[in-house]
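Let's take a walk through this model, starting with its aromatic rings and working inward from there. Keep the viewer open as you read.

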Amino acid sequence: MKMILEGCHSLLHLNLAFTHITNATIRVLSRCCLMLRSLSLAYCTSFSDKGLQYLTTGKGCHRLNYLDLSGCSQISVDGFRYVAEAYSSLQQIVLDDLPTLTDTCVQVLMSKCHALTAISLLDSPYLSDVTFKTIAEVISLTKIQIEGNNRMTDSSLKALCRRSLKLSEVQMSDCTRMTDASLKSLGSLTKLFVYNLCHVFFLIWSRVTDMGIHYITEGLSAVELRELDLSYCPKLTDLDCMNVLFPPRCSNLTNLSVCFCENLTDNGFECLDSCASLISLDITGCKIHDKGLAALGTNHSMRKLTAAECVFITDNGIKMFCQLCHRLELLDVCHCVCLSDRAIKALSFFCRTIATVRIAGCPKMTDTAVKYLTRVGHFLKELDVSGCPLLTDRTPSFLLCSCTQLRSISMLYCKNISKQAALKLQRRVQHWKYSNDDSPYSLD
């Protein structure tokens, strides 16, 4: 590192994540890298507060605007004080996976870093309202990510939304004390375009009612929303889905995820045809049937559909969907155990621009399914056929002959594909996975 840093004085971006660098490297950084803008020390646990102190005394690194200290649990309050002194112009900081992070650490950081606009605090369980109110008092955020926090209350989000009027991207995951009041605060924002409520389990949603969703979909920024993740929300109903997507609400939504929302039925999915801007949809684990899948096909803007573990859909559903959605680029139907070669036949016939196909864990698929895909081989870039036990050496042969653009292939647990045949593909792709072991999951 000493040789690299002393020879690259104009270095702008440096990622040292997961390395064994010590205080010595940081000392050279502080002396040599005058132009550095982005630095990641994520999960580097061999340096100490002393190394961060070098940053305050050296002439380098003072133009840094992005810093990632995720997983550096050895840093104490003093270390964060040195960071604040060295990087007063810092704009983005990532502090994920820091179980030792306390309110005091954040307070000393905020005492000097008034230019911050984005902060990530995933898996920092000991931060309380004190942290978020401190943040709200001194900086105006555009992006915040919070996960695994059961101390933060509605008052924190209220303070953040009141002061950070340009807040446009919010992720709150596993924040167990969140209620309708939090969603009401978010609904008051005018710039919000990404709202992620993923992994909010029943414990949280016992505190959130239909009114909470209403605050988001009727809020000032509803028309600006581009991405919405409501995965693992067991109380999300068909009516909620209709309220989210019925024009003019969320009329510019491009990405929607409702994974494992067990109360959604075909009626809820039928309303998605009104969301004309929807490009990507993730319905993993939902109880959708062929009727609902056919209704999704009427949304001609859709490019990506992830329907993994949707065990009720059949070949007919895929056919009806593909007949209407000709511009599909990605289809993920992993572990949809009812699907067979007929589904892939329909996909290859109607969706000529398909680039990514994932059919892992579909036990009825044979070499014929892969042969059908060779019809669109000039576009196919990624294929996952792991856990398809009926595939043989013919599959690699078909791919070698026709799929010249293929960049990623996964053939794990394909017991009838020989290693010799699989290795012929390895030289042609960038990402290659293969095994002929027995599948670790059930295919029934």
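The aromatic pairs are a handy way in, and there are three of them by the ring-centre rule used here. One is F18 with Y43, a stacked pair whose centres sit 4.6 Å apart with 10° between the planes. F18 belongs to the loop between β1 (13–15) and α2 (23–32), while Y43 belongs to the loop between β2 (38–40) and α3 (49–57), so the pair ties together parts that are 25 residues apart in sequence. Bear in mind that this is a predicted model.

Is F18 buried or exposed? F18 has a relative accessibility of 60%, and because the cut-off for exposed is over 50%, F18 counts as exposed. Y43 comes in at 29%, so Y43 is partly exposed.

Now jump to F349 and F350, another aromatic pair. Here the geometry is edge-to-face, with 4.9 Å centre to centre and 85° between the planes. F349 is partly exposed, at a relative accessible area of 45%. F349 has a charged companion too: R352 lies over the face of its ring, 5.8 Å from the ring centre.

Those two phenylalanines bring us to α15 (341–350). Which residues of α15 are buried? They are D341, A343, I344, A346, L347 and S348. Among the elements covering them are α14, β13 (330–332), β14 (356–358) and α16.

L347 is also a good door into the interior. The largest nonpolar core has 67 residues, and I283, L296, L305 and L347 are the ones that touch the most other members. Several elements supply at least two residues of this core each, including α13 (290–296), α14 (315–324), α15, α17 (394–402) and α18 (419–426). The largest share, four residues, comes from α16.

What does L305 touch, once you leave aside its neighbours within four places in sequence? Its contacts are L281, I283, L293, L296, F321, L328, L330, L331 and D332. There is also a second, separate core, made of 64 residues, and L14, L36, L116 and C175 are among them.

Next, turn to β16 (408–411). Strand β15 (residues 382–384) runs parallel to β16, and three bridges join them. One of the partners to look for is I409 in β16, which bridges to L383. To get from β15 to β16 the chain passes through α17, in a right-handed β-α-β crossover.

β16 also pairs with strand β17 (residues 431–434), again in the parallel sense, over four bridges. In this pairing, S410 has K433 of β17 as its bridge partner. Together, β16, α18 and β17 make a right-handed β-α-β unit. As for its two faces, β16 is covered on both: S408 and S410 are buried on one side, and I409 and M411 are buried on the other.

One more residue is worth a stop: L278, in the loop between α12 (266–270) and β11 (280–282). Despite its loop address, L278 is buried, with a relative accessible area of 0%. Which residues does L278 touch, not counting those up to four places away in sequence? The list is L253, T254, N255, L256, L272, N299, S301 and M302. For a sense of scale, L278 and A42 are 236 residues apart in sequence and 35 Å apart in space, C-alpha to C-alpha.

Finally, zoom out to the whole chain. It has 18 helices and 17 strands, and its C-alpha atoms fill a box of roughly 65 × 55 × 35 Å along the principal axes. Buried residues make up 55% of the 444 residues. If you take the contacts between residues at least 6 apart in sequence, 76% of them join residues at least 24 apart.

Methods:
Residues are numbered from 1 along each chain as its sequence is written. This is a predicted model: local features need pLDDT of at least 70, side-chain atom pairs count only at pLDDT 80 or more; totals for chains, interfaces and linings use all residues. Side-chain values use heavy atoms; hydrogens and water are left out. Buried means under 20% relative accessible area, exposed over 50%, partly exposed in between (1.4 Å probe, protein chains only). Contact means heavy atoms within 4.5 Å. A nonpolar core is a set of buried Ala, Val, Leu, Ile, Met, Phe, Trp, Tyr and Cys residues joined through side-chain atoms within 4.5 Å. Two strands pair if DSSP finds at least two bridges between them. A crossover is right-handed if, with the strands pointing away from the viewer, the path from the first strand over the helix to the second runs clockwise. Rings of Phe, Tyr and Trp (its six-membered ring) pair if their centres lie within 6.5 Å; planes under 30 degrees apart count as stacked, over 60 as edge-to-face and the rest as tilted. A charge sits over a ring if NZ of Lys or CZ of Arg is within 6 Å of the ring centre and within 35 degrees of the ring normal.
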